[in-house]
Amino acid sequence: MAELGIYIQVPFCQTKCTYCNFHTGVVSPGRFAPYADAVCREISHHRTLLESAGISMSGAISGQTHSVDTVYIGGGTPSLLEPELLSLMLDALRAGFECSFTEVTLEADPETIEAEKAAEWAAAGFNRISLGTQSFVDEELKAAGRMHRREDIYRAAPILRAAGIRNISFDLIAGLPKQTHVSWRQSLGEAIALGSEHISIYMMEIDEGSRLGLEILQSGSRYSAREIPAEEEMAAFYELAQAELKTAGYLQYEISNWAKPGFESRHNLKYWRREPYLGFGAGAHSFSGAQRWANRHDAAAYVAAISEGKSAIESVDTLTPTLALDEEFFLGLRQLSGIDLGRIEREYGVSLRERVGELAARGMAEMKGEILRLPAAKLSVSSEIIVELLRSVQVAAPAAR
Ligand code: SF4
C-alpha cells in the first residue's frame, strides 16, 4: 500500500511577526473550536468534497491504495489550540483513512508550551515537535515581533522531553534584523547544545506584504528595518551553519534542513519527492501526482463553506508534462541526495546528459551513475543552475505517474 501525507493548516497566531506575510490571523480563542470542527468535517467528507470540486481521485489517491503514514499540523501557531481539538483532528484522520502513523508533527511556539499540554500532545499521538525558535538572542526576537524569549526555549525543551517527545526540530532564521556573525553563531551553538534532532534554517526573505517589508519600501526605521544583514553576510551565515552543523554530526539533506541520522522529516521529504499529500484547513495545499489544488485562505470563509457542506477549494491546477518536469528539478534538486536522472529522462522523453555534462565540467552539478545532484557549495544558486539545465527543453512524453 502506498504512503500518503496529510497536512493540516491552523492559521491563527497570538500576534503578527514583523517579517510575516502568511495568511494567518490573530483571532479570539472562541474561534478555535468551530475551526477544528470544520477541519474534522472536511476530513470526514473529503471524498465527496473533492469530487464536487472536480478533483479526480481515481487512481491517484484512494483509501484502497494509500495509507496515511505522516501528518503535519502547521500554521500559524497550532500549539495555541486546546490539545483536545488537535486530538480530534487526528481521530478524524484515523476514522477517515487507512492509517499507519510513523511521524506526526505539531508546530509549536516555545511560549505556548506547558507540561500538561505536552503530555496531552504525546498521548494524542504527536511524536515530533517543530519548535519555532528562530533565534536565541532576545533583541533579535523582540525586533522580529516574536512572543517568546530565549528563556522560553530553555523552559520548553525539557518539558517536551519529559512528555516523551524524542524528535524535536528547531527552526532558525538567518538574516533577522540586528543579527550579527557573533549572534548567529550563538543561536546555532545553542540549538546544537540543546540536542535537537533536526534543525531547519530559513534565509530571511523580505516580503512587501509584511510590516517589515512595507517599512523598508518606505525607507523607515521601525522594526529595526535598517539593521538587516547584507546579502553577503547572509550567505556567510549559511556557510557557517553548513560547517558548524556538519561538525556537530548533522547531515544536510535539503537546502534548508539538517538532521541527525535517521531524523530527516519523512513528511517534508514527500514535498520534494513529489509524493502525494492531502491538505485540510484554510489555505491548505494538496497534490495527487497529477493535480495540485488549494483551499481558500480566509478562515471564516473556509469554516462557512465546510459548514454548508461545500468544498473550500478555490484553485485546481492540472500539471502539464512541462510543469511536472520543472517540478522534478526545482523540488528534487533541493535534496542533497539528488534525483534519478535516468528515470526522469525515460518518463518525460527528454535527453539532458549533454547539458548536465557541461554543468558538471564547471563544477555546478555532479553525476554518480544515474543520480544527478548539486554540490552542497552550490545550493545557494540552485535556481540559476536549474534554469540553465532546463533551458528550451522540449518534453516529448507525458509524465506517467
Ligand atoms: S508565528 Fe509564524 S505564522 Fe504566526 S505571525 Fe509569526 S511568522 Fe507568521
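**Figure 1. A close-up of Ser-219, a residue on the exposed side of the count.** In this predicted model, Ser-219 has 8 other C-beta atoms within 10 Å and is therefore exposed, since 12 or fewer is the limit for that label. To find Ser-219, look in the loop between helix H8 (211-217) and H9. Its backbone deserves a glance too: phi of Ser-219 is near 55°, a positive value in a residue other than glycine.

**Figure 2. A close-up of Gln-134, a buried residue with a positive phi.** Gln-134 is not a glycine, yet its phi is about 65°. This residue belongs to strand S4, which covers residues 128-134. Is Gln-134 buried or exposed? With 24 other C-beta atoms within 10 Å, Gln-134 is buried, because the label asks for 20 or more.

**Figure 3. A close-up of the cis peptide bond between Gly-75 and Gly-76.** The bond from Gly-75 to Gly-76 has omega near 10°, which is cis. Gly-76 sits in the loop that links strand S2 (66-75) with helix H3 (83-96). Keep both glycines in mind for the next view, as Gly-75 and Gly-76 are also among the residues around the ligand.

**Figure 4. A close-up of the ligand and its shell of residues.** Which residues surround the ligand? They are Cys-13, Lys-16, Cys-17, Cys-20, Phe-22, Thr-24, Gly-75, Gly-76, Thr-77 and Gly-132. Sorted by class, the shell holds 4 nonpolar, 5 polar and 1 charged residues.

**Figure 5. A close-up of the largest nonpolar core, which has 78 residues.** Which members touch the most others in this core? The answer is Ile-6, Ile-8, Val-39 and Met-89. Helix H1 (residues 32-44) is the element that gives the most to the core, with 6 residues. Follow Ile-6 and you will meet Val-68, Val-71, Leu-93, Tyr-277 and Leu-278, leaving aside residues up to four places away in sequence.

**Figure 6. A close-up of another core, lying apart from the largest one.** This core has 9 residues. Among them you can pick out Phe-329, Ile-339, Leu-374 and Ile-386.

**Figure 7. A close-up of the contact between domain 1 and domain 2.** The protein is divided into domain 1 (2-273) and domain 2 (321-390), and their C-alpha centres lie 28 Å apart. How many residues does each domain bring to the contact? Domain 1 gives 9 residues and domain 2 gives 10. On the domain 1 side, helix H9 (231-247), strand S7 (251-254) and helix H10 (266-273) each supply at least two residues. By class, that side of domain 1 has 6 nonpolar, 2 polar and 1 charged residues.

**Figure 8. Stepping back to the whole protein, with its 15 helices and 15 strands.** The radius of gyration is 21 Å, close to the 21 Å that the globule rule gives for 401 residues, so the protein is as compact as a globular protein of that length. Its C-alpha trace spans about 55 × 55 × 45 Å along the principal axes. Buried residues account for 38% of the 401 residues. Of the contacts with a separation of 6 or more, 73% join residues 24 or more positions apart.

Technical notes
Residues are numbered from 1 along each chain as its sequence is written. This is a predicted model: local features need pLDDT of at least 70, side-chain atom pairs count only at pLDDT 80 or more; totals for chains, interfaces and linings use all residues. Domain bounds come from an automatic or database domain assignment. Two residues are in contact if their C-beta atoms, placed from the backbone, lie within 7 Å. Helices (H or I, at least four residues) and strands (E, at least two) are DSSP runs, numbered from the N terminus. Ala, Val, Leu, Ile, Met, Phe, Trp, Tyr, Cys and Pro count as nonpolar, Asp, Glu, Lys and Arg as charged, and the others, Gly among them, as polar. A residue is near a molecule or strand if its C-beta atom, placed from the backbone, lies within 6 Å of it. The radius of gyration is taken over C-alpha atoms; the globule rule is 2.2 Å times the number of residues to the power 0.38. A nonpolar core is a set of buried Ala, Val, Leu, Ile, Met, Phe, Trp, Tyr and Cys residues joined through C-beta atoms within 7 Å.
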